[in-house]
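Reader: Could you take me on a close look at one part of this model, the loop between two neighbouring helices, and then follow the packing outward from there? I would enjoy one connected account.

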Amino acid sequence: MKYTKLNFMLSVLGIIIYITDLIVDIWVSVRFFCEGRNVFGILTVSFMLFGTLVVQCFSYSWFKADLKKAGQENQHCFLLLHCLQGGVFTRYWFALKKGYHVAFKNSSKTDNFMEEQIDPHKEVIDRMTDLSMLRLFETYLEGCPQLVLQLYTFLEHGQANFSQYAAIMVSCCAISWSTVDYQVALRKSLPDKNLLSGFCPRFTYLFYKLFTLLSWMLSVVLLLFLNVNIALFLLLFLWFLGILWAFKKQTQFCASISMEFLYRIVVGFILTFTFFNIKGQNTKCPMFCYYIVRVLATGGILVVFWVSPVSIFNSDYFMSISITIGLTLVLGIIFLIVYYGTLHPNRNEETKPDEIDGKAAQRDCRMKYFLME
């Protein structure tokens, strides 16, 4: 497996999107405070802090694990960098520096960070996969709630300023990019997994995730207009069910018990918005049940909103929102069926569970215990 110049350019694009998303979130939060909408400003900052704190925790624990495996002592500078919220940028620095030498200068020297002799291409791919995992965490912990909030403020006033439009567009791009990039990077880092190659499978997977996510977020926004308490109760209940599912499947992603507990909390939060195979087992039945519940919940929200005496929107405005929710949900399910029916990397293999936890990779790595599709 090679880390190419194209891979390097895509990695650069990834950090550009990451920084742009961060800048836009700060910009939007400042605008909220300047306009006197302090609640929205506080929520925006809270989502940012929640996402980045969780990401820094995982990043630092991985640095510690890598140093321990390399037989090196824990370096306090890494702890300081993560306390200053610089863990992701530190990882990007190491990954892009090594990736540039591998892609453009064909460097084969061993990195001082790891004393063992390993394939430099594999080393860079593993580092980029770590980054894709962290971006996925932050996208769903911070990006998805931010997008719900931005959609809520947009629909509340019927119009938005430029910063809100920018926030919605950047959030959609960040969610789309991190989801597809994670899936591509994860399969590339695992030698026993088929690659997600070609534009058609990637775009089909992208549209499946994007449309189902957008439909659900708009539904949640409508429920927020109807009753904030009911909406929060529904989201917390789904989060709780996701955590229970992660405990039931006995995920084994982290070395320490405390980090594994945090990981299962994060998995439960992700399952609130979209489906992932958290154990690498055959998930036809769980996925079917998941999206049946999603369809029923979305339909129930639309019905309740139609029969409730809520006069926030005029009928024509609400009609267009309802059609958008229904259309994006149907399109998302269609793309899901097409992807898993004809374009999934394992479609030509004999039907069996994905043995992430059972089948050993060429070298021990975190990725084989992570979310799989």
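Author: Happy to. A residue counts as buried under 20% relative accessible area, as exposed over 50%, and as partly exposed in between. With a relative accessibility of 27%, Gln-85 is therefore partly exposed. Please keep in mind that this is a predicted model.

Gln-85 belongs to the loop that joins helix H3 (76-83) to helix H4 (87-104). Its backbone deserves a glance: phi is near 65°, a positive value in a residue that is not glycine. Leu-84 is placed in this loop between H3 and H4 too. At 62% relative accessible area, Leu-84 counts as exposed, because the limit for that class is over 50%. Across space, the C-alpha of Leu-84 is 9.2 Å from that of Gln-56, although 28 residues separate the two along the chain.

A useful companion to Gln-85 is Gln-250, another non-glycine residue with a positive phi, about 55°. Gln-250 sits in the loop between helix H8 (228-249) and helix H9 (257-273). Its relative accessibility of 52% puts Gln-250 in the exposed class.

Now let us move from the loop into helix H4. Phe-89 pairs with Tyr-18 in an edge-to-face arrangement, with 5.6 Å between the ring centres and 70° between the planes. Tyr-18 lies in helix H1 (residues 5-34) and Phe-89 in helix H4, so this pair ties together parts 71 residues apart in sequence. Tyr-18 is buried at 13% relative accessible area, whereas Phe-89 is partly exposed at 32%. In total, the structure holds 29 aromatic pairs. Arg-91 also meets a ring: its charged end sits over Phe-63, 4.3 Å from the ring centre. Elsewhere, Lys-209 lies over the face of Phe-276, at 4.0 Å from the centre of that ring.

Finally, the interior. The largest nonpolar core has 86 residues, and Phe-137, Tyr-140, Met-217 and Phe-273 are among those with the most contacts inside it. Helix H5 (residues 120-157) gives this core its largest share, 17 residues. Both domain 1 (1-104 + 121-193) and domain 2 (201-346) contribute at least three residues each to the core. Looking beyond four places in sequence, Phe-273 has contacts that include Tyr-140, Cys-144, Val-148, Trp-216, Met-217 and Tyr-290. Tyr-290 in turn is a member of an aromatic cluster together with Tyr-205, Tyr-208, Phe-275, Tyr-291, Tyr-339 and Tyr-340.

How values were computed: Residues are numbered from 1 along each chain as its sequence is written. This is a predicted model: local features need pLDDT of at least 70, side-chain atom pairs count only at pLDDT 80 or more; totals for chains, interfaces and linings use all residues. Side-chain values use heavy atoms; hydrogens and water are left out. Helices (H or I, at least four residues) and strands (E, at least two) are DSSP runs, numbered from the N terminus. Buried means under 20% relative accessible area, exposed over 50%, partly exposed in between (1.4 Å probe, protein chains only). A nonpolar core is a set of buried Ala, Val, Leu, Ile, Met, Phe, Trp, Tyr and Cys residues joined through side-chain atoms within 4.5 Å. Domain bounds come from an automatic or database domain assignment. Contact means heavy atoms within 4.5 Å. Rings of Phe, Tyr and Trp (its six-membered ring) pair if their centres lie within 6.5 Å; planes under 30 degrees apart count as stacked, over 60 as edge-to-face and the rest as tilted. A charge sits over a ring if NZ of Lys or CZ of Arg is within 6 Å of the ring centre and within 35 degrees of the ring normal.
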